[in-house]
Amino acid sequence: MNYIELLNKRYACKAMNGQKIPQEKIDNILEAIRLAPTSSGLQPFEVFVITNDEVKSEIRKIAWNQSQVTECSHLLVFAAWDTYTEKRINYMFDLTNEIRGVKSEGWEAYRKKLLGMLPQQESEKNFQHAAKQTYIAIMSAMAQAYIEGVDSVPMEGFNQNELDKILKLREKGLRSTLLLPLGYRDVDNDWLFTLKKVRKPMSELVTIME
Ligand SMILES: Cc1cc2nc3c(=O)[nH]c(=O)nc-3n(C[C@H](O)[C@H](O)[C@H](O)COP(=O)(O)O)c2cc1C
């Protein structure tokens, strides 16, 4: 299966059957998130993996009562950094130096540039920037999930402040951005998987400027 085939077949699963996903598949999906690209490589988010039924039920109440939240096997919560701090930036730059075993002048100059810019910015602006990175990572997760034969649905339909309270995210310097229920489709109740995928024509999307 090539990537275009995957994109045609993956869809936003509307009903799941509660079947459990083997841990190895979950590990691969999490690895796809870990490998997703992020701005300056800062990986400014964390992912929470929820399997507890009570917690899922609590979250469903503040997620438009969407059934996939409790029907899924694993519920992923993406939570972005609430701001960029010196500590957070230095951690990733130090890790890069450690893993690559070199300390390059250019890289250190870039560290200095970010340290002189990001921590001073308004935290809301920093959070919004960090949140964008989770949208890239979730696509990586959905693609790997499809490869694993696992259905998924990205979700913005929840009250972020309420979820932050349930998972005590603000205390950790995090704010929720997205949910990703992972599971297997309930063929009798999923109204979407038989319907044709709808996308606007290429001409509405792309402008060629030669
Ligand atoms: C950022 C984002 C948020 C979404 N939020 C929800 C949601 O809360 N509930 C839901 O059922 N689908 C949600 N969707 C799924 C979209 O409705 C779906 O991806 C879109 O209609 C295209 O359909 P397809 O993914 O099946 O191709 C979301 C998708 C994205 C990308």
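## Aromatic pairs

Let's start with a tryptophan: W81 is buried in this predicted model, at a relative accessible area of 8%. Its ring partner is Y84, and the two meet edge-to-face, with 5.8 Å from centre to centre and 80° between the planes. Y84 is buried as well, with a relative accessible area of 2%.

This is one of six aromatic pairs in the structure. Another joins Y11 and F193 in a tilted arrangement, where the centres are 6.3 Å apart and the planes make an angle of 40°. This pair links distant parts of the chain, since its members are 182 residues apart. Y11 lies in the loop between helix 1 (3–9) and helix 2 (23–34), whereas F193 lies in the loop between strand 4 (174–183) and helix 9 (202–205). Y11 counts as buried because its relative accessibility is 9%, under the 20% limit. F193, at 28%, falls between the 20% and 50% limits and therefore counts as partly exposed.

## A ring cluster and a charge over a ring

Rings also come together beyond simple twosomes: F93, W107 and Y110 are linked into a cluster by ring pairs. Elsewhere, a charge joins a ring. The charged end of R175 sits over the ring of F127, 3.7 Å from the ring centre.

## The largest nonpolar core

Now for the core. The largest nonpolar core counts 53 residues, and those with the most contacts inside it are L42, I59, F78, L163, L179, L180 and L182. Several elements each supply at least two residues of this core: helix 2, strand 1 (45–50), strand 2 (74–81), helix 5 (86–100), helix 6 (105–115), helix 7 (123–147) and strand 4. Helix 7 gives the most, with eight residues.

L180 is a good place to look around. Leaving aside residues up to four places away in sequence, L180 touches H74, L75, L76, F78, I138, A141, M142, S152, V153 and P154.

## Cysteines without a disulfide

How many disulfides does the structure have? The count comes to zero. For C13, the nearest cysteine sulfur is that of C72, 10 Å away, and C13 is in no disulfide. Why does C72 not bond to C13? The sulfur of C13 is the closest cysteine sulfur to that of C72, yet at 10 Å it is too far for a bond, because a disulfide needs the sulfur atoms within 2.5 Å.

Both cysteines are buried: C13 has a relative accessible area of 0%, and C72 has one of 1%.

Definitions and conventions:
Residues are numbered from 1 along each chain as its sequence is written. This is a predicted model: local features need pLDDT of at least 70, side-chain atom pairs count only at pLDDT 80 or more; totals for chains, interfaces and linings use all residues. Side-chain values use heavy atoms; hydrogens and water are left out. Rings of Phe, Tyr and Trp (its six-membered ring) pair if their centres lie within 6.5 Å; planes under 30 degrees apart count as stacked, over 60 as edge-to-face and the rest as tilted. Helices (H or I, at least four residues) and strands (E, at least two) are DSSP runs, numbered from the N terminus. Buried means under 20% relative accessible area, exposed over 50%, partly exposed in between (1.4 Å probe, protein chains only). A charge sits over a ring if NZ of Lys or CZ of Arg is within 6 Å of the ring centre and within 35 degrees of the ring normal. A nonpolar core is a set of buried Ala, Val, Leu, Ile, Met, Phe, Trp, Tyr and Cys residues joined through side-chain atoms within 4.5 Å. Contact means heavy atoms within 4.5 Å.
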